Amino acid sequence: VETLAPRSGSLQIDATLGGAGHAERILEASSPDGRLLGLDADGAAIARSARRLARFGDRAVLRQVNFGQLAEVAPGAGFAAVDGLFMDLGLSSFQLVDMERGFGFRAGGRLDMRFDTSRGRSAADLLATMESRDLAALFRRYGEEPFAGRIARTIVETRSHTPVETAEQLAALVARAVPAPKSRRTHPATRVFQALRIAVNDELAALEAGLAASLVLLRPGGRLVVLSYHSLEDRIVKRFIAAEQRGCVCPPEVPICVCGRQPNLRSLGKSRTPSPAEVAANPRSRSARLRGAERIAA
């Protein structure tokens, strides 16, 4: 909220509502008449957020949509030019503990992992139909999993006689396939679950579309603030801000600029990570990284 710097009368977007904790703080900071557009692909998150933000009345406008569609949705909701855009990437704590969605290792229901359960293919469908080499490529690309091939072969071998349909099954399969280290801070299936969730929801493409939309929607002086939780996300955000800070991109041998490119963003400093005290109080924050940038006039 400090980096976003919302003020009274401003228009803000929370592109990933989740539990609406950030949205609530933004609305409080922009009182009495600031307005916020809140997006989430998860219908349960929209319902939960509507209850939490009810006290703000029509200052809070909610839409069930993936933030990859931000450029199309925001103008129609009255947010064509905004002062702040916030993204808290990945899944929410509510989704992680939902026993029927398959996001967590101990979820008892079907291995779904879709943010919007009304569309797309579930994680169980991918595990049931993808070839071993394609599964391995998915785990490497989206999870940076060093034992991707071994895990993929184990899954394919298992599904030949037993369908892999729950999060508990998958977590146990990965734990068997991966060598056990002397010490481990995270569950051995963490990267595999991350990779499946990203693939099922096409998260990286949505992130790139959402970042591109920020250049269209933010007024000069408006701020973009992003919280990411793994290197794939953070790398995209870091490179986007760096690229949009640049002006001319003509080759060095060209004596004068012919591209006409102007900088679009100004970085708000180095990335920030949680303090040891915050991690101790909230372990799920341990991998968080915050980056911010300010829109500058063309």
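Start with helix H10 in this predicted model: its buried residues are Glu-203, Leu-204, Ala-206, Leu-207, Gly-210, Leu-211, Ala-213, Ser-214, Leu-215 and Leu-217. The helix covers residues 203-217, 15 residues in total. From first C-alpha to last, H10 reaches 20 Å, close to the 21 Å you'd expect at 1.5 Å a residue.

What does H10 pack against? One partner is helix H11, residues 231-245. The usual way to describe such a pair is to give the angle between the two axes and the distance between them. Here the angle is about 25° and the axes sit 11 Å apart. Angles under 35 degrees count as roughly parallel, so that is the label for H10 and H11. As for handedness, the two helices cross in the right-handed sense.

Now for the strands. Strand E5 takes up residues 218-228, and it pairs with strand E4 as well as with strand E7. With E4 (residues 82-88) the pairing is parallel, while with E7 (residues 289-295) it is antiparallel. Here's how the two pairings line up:

| Strand pair | Sense | Bridges | Residues standing opposite |
|---|---|---|---|
| E4 and E5 | parallel | six | Val-82 and Leu-218 |
| E5 and E7 | antiparallel | six | Val-226 and Arg-291 |

On to the cysteines. How many disulfides turn up in a search of the whole structure? Zero. Take Cys-250, which is in no disulfide: its nearest cysteine sulfur belongs to Cys-248 and lies 3.6 Å away. A disulfide needs two cysteine sulfurs within 2.5 Å. Cys-259 is in a similar spot, because its closest cysteine sulfur, in Cys-257, is 3.7 Å off and that is too far for a bond.

Are Cys-250 and Cys-259 buried or exposed? Cys-250 has 17% relative accessibility, so it counts as buried. Cys-259 comes in at 35%, and therefore counts as partly exposed.

Last stop, a proline. Where does Pro-146 sit? You'll find Pro-146 in the loop that links helix H6 (132-143) to helix H7 (148-159). Pro-146 is exposed, because its relative accessible area is 57% and the cut-off for that label is over 50%. If you want a long-range reference point, try Pro-283: Pro-146 and Pro-283 are 137 residues apart along the chain, and their C-alpha atoms are separated by 24 Å.

How values were computed:
Residues numbered from 1 in each chain as written. Predicted model: local features only at pLDDT ≥ 70, side-chain atom pairs only at ≥ 80, totals over all residues. Heavy atoms only, no water. Buried < 20%, exposed > 50% of the residue type's maximum accessible area, 1.4 Å probe, protein only. Helix = DSSP H or I, 4+ residues; strand = E, 2+ residues; numbered from the N terminus. Expected span 1.5 Å × (residues − 1). Pairing = 2+ DSSP bridges. Axes fitted to C-alpha atoms, helices over the stretch in contact; angles between N-to-C directions. Parallel < 35°, antiparallel > 145°, perpendicular 65-115°, else oblique. Left-handed = near helix turned anticlockwise from the far one by under 90°.
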